[in-house]
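Dear colleague,

Please find below the sequence and structure that I am handing over to you. My findings follow directly after them.

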Amino acid sequence: MTTTTQVGDEVLDYDDVVRDFDPVFGLEVHVELSTATKMFCGCSTVFGADPNTQVCPVCLGLPGALPVVNATAVESAIRIGLALGCSITPWGRFARKNYFYPDMPKNFQTSQYDEPIAVDGHLDVELDDGTTFRVEIERAHMEEDTGKSLHIGGATGRIHGAEYSLVDYNRAGIPLIEIVTKPVRGAGERTPEVARAYVTALRDLVRSLGVSDVRMEQGSMRCDANLSLRPRATGDQAQDAVPLGTRTETKNVNSLRSVERAVRYEMCRQAARLQAGLPIVQETRHWQEDSGTTTSGRPKSDADDYRYFPEPDLVPVAPDAAWVEQLRGTLPEPPAQRRRRLQSDWGFTDLEMRDLVNAGATELVEATVAAGAAPSAARKWWSGELARVANAEGVELGELAVTPVQVAELASLVASGRINDTLARQVLEGVLAGEGSPQQVVEARGLGIVSDDGALGAAVDRAIEANAAIAQKIRDGKVAAAGALIGAVMKEMRGQADAARVRELVLERLT
Amino acid sequence: MSALTRDDVAHLAGLARIDATDDELDRLAGQLAQILDAVDRVGEVAAADVPPMSHPLPLTNVTRPDEPRPGLTADEALAGAPASELQRFSVPRILEED
Amino acid sequence: MPELTRSTAAVLAQRLASGEVSAVELTQAHLDRIADVDGDVHAFLHVDADGALAAARSVDERRAAGEALHPLAGVPIAVKDIVTTKGIPTTAGSRILAGWVPPYDATIVRRLKDAGLVILGKTNMDEFAMGSSTEHSAFGPTHNPWDLERIPGGSGGGSAAAVAAFEAPLAIGTDTGGSIRQPAAVTGSVGVKPTYGGVSRYGLIALASSLDQAGPCTRSVLDAALLHDVIGGHDPLDSTSIDAPVPAVVQAARQGEVRGIRVGVVRELSGDGYQAGVRSRFDEAVQLLVEAGAEVVEVSCPHFEYALAAYYLILPSEASSNLAKFDAMRYGLRVAPPGVETPTAEQVMAATRDAGFGDEVKRRIILGTYALSAGYYDAYYGQAQKVRTLIARDFAAAFEQADVLISPTTPTTAFRLGEKLDDPLAMYLNDIATIPANLAGVPGMSLPAGLAAEDGLPVGVQLLAPAMADDRLYRVGAVLESLLEQRWGGPLLDRAPQLQPSRSVPQEVRS
């Protein structure tokens with residue numbers, strides 16, 4: 001059944017979509033390298049500088065300027081390729097991709113076209129239920145980023161309706177590695193999930209190489225999602241015998257969550273059109289986070305004539321085979337393997353580990369354990385309470401205002417009996433609100449458990465006095481009734497009493 | 001070898017972001033047809049097994065270390081700008097999102 | 001002192017070193033000469049009198065303080081307006097860059113300044129170096145000092161005319177298909193295109209990146225060697241520059257020798273298309289070399305007949321991409337389309353490029369866009385790059401049989417202004433003998449061979465050497481020059497008509 005979204009596009013019910021159609025998707029992920037300088041010049045890449053203060057004749061595209069390749073960028077590209085199981089091209093040229101756009105200083109992008117540095121790899125992606133899906137990688141290549149525009153005069157700074165734009169070229173020329181999957185088939189109803197899992201796994205892999213911050217919210221990792229639908233095969237027909245449908249490309253997919261939502265939305269939108277007998281327009285679409293829809297952008301034509309030709313200002317990149325092998329030796333443990341080892345070290349069950357991974361908490365737990373917490377406690381906090389908070393606020397775990405060291409401190413306060421679990425949650429609240437370290441919050445808010453027998457004893461006496469009948473029952477031997485007195489004390493103490501000690505004191509007085 | 005029509009030239013001028021009047025397009029089409037006749041000769045050469053040459057010298061692997069070097073100040077960068085604002089290059093409204 | 005402007009740079013260097021003349025005097029003498037004759041010649045687009053005198057003063061002070069200076073320190077030089085000079089307007093002969101002041105110096109300019117040469121100003125040229133007559137300059141043509149109604153050659157007619165009119169002893173030119181050598185030939189001066197990669201291109205406004213080279217324009221072979229030595233050598237800012245020392249060109253020029261040298265006459269670079277007087281002077285030059293002990297052989301380079309076609313595919317293709325940066329967004333001309341209230345960036349780009357580019361530039365951009373476009377790449381650009389390999393192989397084979405090759409530099413002497421403007425193809429034919437060297441990247445020199453009998457105008461003879469063997473040009477050229485000057489009783493330029501101080505004031509390009 002179709003419904004109509006805010007933007008007027010019809011969407012088909014997801015169940016109907018997957019019943020009638022077979023989705024095929026592809027992802028193009030751009031990774032911004034964390035090199036000190038740009039791809040083709042020595043300008044700094046430090047984030048947040050004043051506009052147009054990290055530019056030079058080369059990255060500004062001034063007449064006469066020439067590019068020179070950043071050696072570290074090549075190395076990073078090769079390492080990414082190796083980590084993805086790709087073959088490294090022994091001889092390849094950069095190419096010019098020619099098109100006009102104000103944020104492109106030369107009106108061509110120096111990129112790689114038919115000779116990318118890495119080809120034919122794969123990434124095995126672990127899904128929520130523990131199954132693995134292999135995504136084939138077509139290629140990874142080097143290119144340069146564009147400048148950034150501020151659109152003035154339109155609604156909410158968008159390009160549509162803007163009167164003019166202001167361009168900052170600090171970002172122009174920063175090295176990008178573009179990683180392109182082969183068309184991914186066979187994910188069926190799990191397509192959105194697989195898409196998200198792939199981007200997550202890729203992020204983790206690249207992060208483990210130390211070549212990029214890969215933070216989608218900061219733009220150091222960007223994702224474009226391509227999607228097409230074809231009818232489900234009928235009878236004896238093999239699904240792959242059914243020709244691929246027309247695909248759309250969706251840009252502005254800025255978070256892992258958006259990847260999943262955007263892919264899912266496009267499936268439903270395209271299915272609604274196909275079901276109504278309408279064609280899919282081959283175009284670039286834009287993901288709109290607020291409405292959860294995609295909107296039409298520029299018509300995408302495979303005949304977008306970029307007039308590629310080999311970059312005459314650069315010479316070919318021909319990585320020495322021995323050097324490539326040496327780089328292979330520098331690759332860190334693959335994340336999946338590392339996760340299995342950590343699970344074993346920490347003694348978690350498969351389910352516990354998976355929850356951890358899905359919450360994106362693995363490194364955080366690792367750091368928390370390194371700071372002295374027991375693995376189980378670290379896990380409890382990160383994939384429990386903190387994951388809940390992150391979810392509610394719509395942010396990644398790593399973005400919360402609490403560090404692994406602080407969580408370890410919190411765990412140790414609980415372990416020592418200084419606070420209990422209930423109090424710990426309040427302490428955590430305080431830490432997240434920026435009130436200081438757990439220790440500081442405990443003191444400032446007075447959340448420590450009272451273990452002073454004098455104070456506790458007085459409270460116990462008050463409870464006994466106020467609940468004479470219950471007290472008598474206990475004297476008579478009904479020890480179980482102590483619970484009510486303990487409860488009363490706890491209530492008076494606002495939970496900040498060591499319940500076990502309170503029990504002892506009650507029983508001491510009454511038995 | 002196909003002749004270039006005015007429409008062909010108009011399409012190319014569009015790709016190259018150069019405005020041209022119909023007269024100019026016609027004139028260009030005529031001149032280009034002549035030139036194309038001449039350059040077409042390259043097709044006469046049997047070169048199927050010949051590698052293309054984009055550089056006279058077989059240099060490879062020219063790179064630079066990942067070390068910052070001083071560039072331009074914002075003033076220098078913006079000095080030639082037809083228009084600027086907030087230390088950025090001011091450009092007319094951009095029609096299409098990339 | 002008139003003779004100050006008629007000496008070679010080598011002689012002036014000696015006079016400066018001995019203290020006989022100061023750099024300021026020398027500079028002023030040239031500025032006076034420019035004021036006298038440039039109204040008629042129009043070699044200069046911009047004269048930087050203040051800057052030149054300040055630089056000259058600085059050299060004089062350093063010399064007085066006993067500092068060790070480069071031999072050419074204090075010698076004035078003119079620079080083709082395609083080379084970026086910090087603080088001095090640089091237009092590339094185009095309206096689209098009228099008034100643009102680069103914020104940086106080209107590497108070769110830095111080297112000139114470091115050596116203490118005094119930059120007098122920027123010389124006229126065909127717009128973006130596209131042309132063979134300097135008639136395509138947006139700022140009016142340059143006139144040949146031998147006959148002011150005739151072209152000085154192109155694209156570097158300004159530099160050649162400046163030295164031929166004694167307005168500067170030295171000039172910098174650039175050569176993509178003959179733009180140093182052809183003007184040298186038709187003005188009776190010396191011009192050298194170094195091995196591709198032998199001189200840095202950083203700061204050369206790019207025409208065809210894989211063909212462009214900067215080189216010396218002078219009145220003697222030794223002067224060219226001295227200048228070649230200053231500007232040549234590896235530049236880390238130019239990825240295509242050769243990482244090897246400059247060939248020993250000065251030594252070769254001083255020790256000129258041809259005994260035992262095999263000189264190859266290229267069959268394909270002579271014949272019917274060549275003016276009778278050009279062929280006569282050429283044959284005599286060859287004969288002189290034989291008499292001096294050289295061995296002459298005939299060589300055949302069969303693919304040279306396709307050189308023009310390949311060149312006029314490769315150059316426009318690369319140029320169409322190199323000139324895309326001129327889009328009114330960051331520098332240069334900005335023109336709004338008439339009658340449009342709030343034009344888009346795209347419209348401003350197109351209107352600006354229409355107004356700012358001349359006809360020849362537009363022709364070549366469109367041609368190049370076509371040659372690179374989808375469906376045509378293989379037949380045009382792709383094929384041309386293969387033909388280029390064949391031409392390089394022809395050279396290699398020829399250099400097995402000969403140490404240097406020799407040919408007339410151009411098919412004709414200087415034609416009249418306006419004569420070939422309406423026939424682009426006829427104009428292109430001027431470069432038929434010079435183009436092969438650019439395609440293969442080998443070095444070439446043009447030096448005066450005499451005057452053609454039928455019109456009394458200069459004829460140039462071209463020498464070609466294998467890549468990186470630039471010194472051979474100087475070794476042979478020095479001998480030939482010496483023999484010819486003996487025959488003439490002095491340099492050929494002594495026979496040029498005396499230019500009268502003109503009544504017109506030299507025009508200055510206004511921004």
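**Where chain B meets chain C**

In this predicted model, 44 residues of chain B are in contact with 60 residues of chain C. On the chain B side of this interface, the elements that give two or more residues are helix 1 (6-15), helix 2 (22-39) and strand 3 (88-92). Helix 2 of chain B provides the largest share, with seven residues. Sorted by class, the side of chain B that touches chain C consists of 32 nonpolar, six polar and six charged residues.

**Chain B as a whole**

Chain B contains three helices and three strands. Followed along the sequence, these elements of chain B appear in the pattern α-α-β-α-β-β.

How does the radius of gyration of chain B compare with that of a compact globule of 98 residues? Such a globule would have a value near 13 Å, whereas chain B has 22 Å. The C-alpha trace of chain B spans about 50 × 45 × 25 Å along its principal axes. Of the 98 residues in chain B, 35% are buried, that is, they have 20 or more other C-beta atoms within 10 Å of their own.

**Domains of chain A**

Chain A is divided into domain 1 (25-248), domain 2 (335-445) and domain 3 (453-510). Taken over C-alpha atoms, the centres of domain 1 and domain 3 of chain A are separated by 65 Å.

When you open the structure, you may wish to begin with helix 2 of chain B, which gives seven residues to the side that touches chain C.

Yours sincerely

Definitions and conventions. Residues are numbered from 1 along each chain as its sequence is written. Chains are lettered from A and ligands numbered from 1 in the order in which they are written. This is a predicted model: local features need pLDDT of at least 70, side-chain atom pairs count only at pLDDT 80 or more; totals for chains, interfaces and linings use all residues. Two residues are in contact if their C-beta atoms, placed from the backbone, lie within 7 Å. Helices (H or I, at least four residues) and strands (E, at least two) are DSSP runs, numbered from the N terminus. Ala, Val, Leu, Ile, Met, Phe, Trp, Tyr, Cys and Pro count as nonpolar, Asp, Glu, Lys and Arg as charged, and the others, Gly among them, as polar. The radius of gyration is taken over C-alpha atoms; the globule rule is 2.2 Å times the number of residues to the power 0.38. A residue is buried if 20 or more other C-beta atoms lie within 10 Å of its own, exposed if 12 or fewer, and partly exposed in between; C-beta atoms are placed from the backbone. Domain bounds come from an automatic or database domain assignment.
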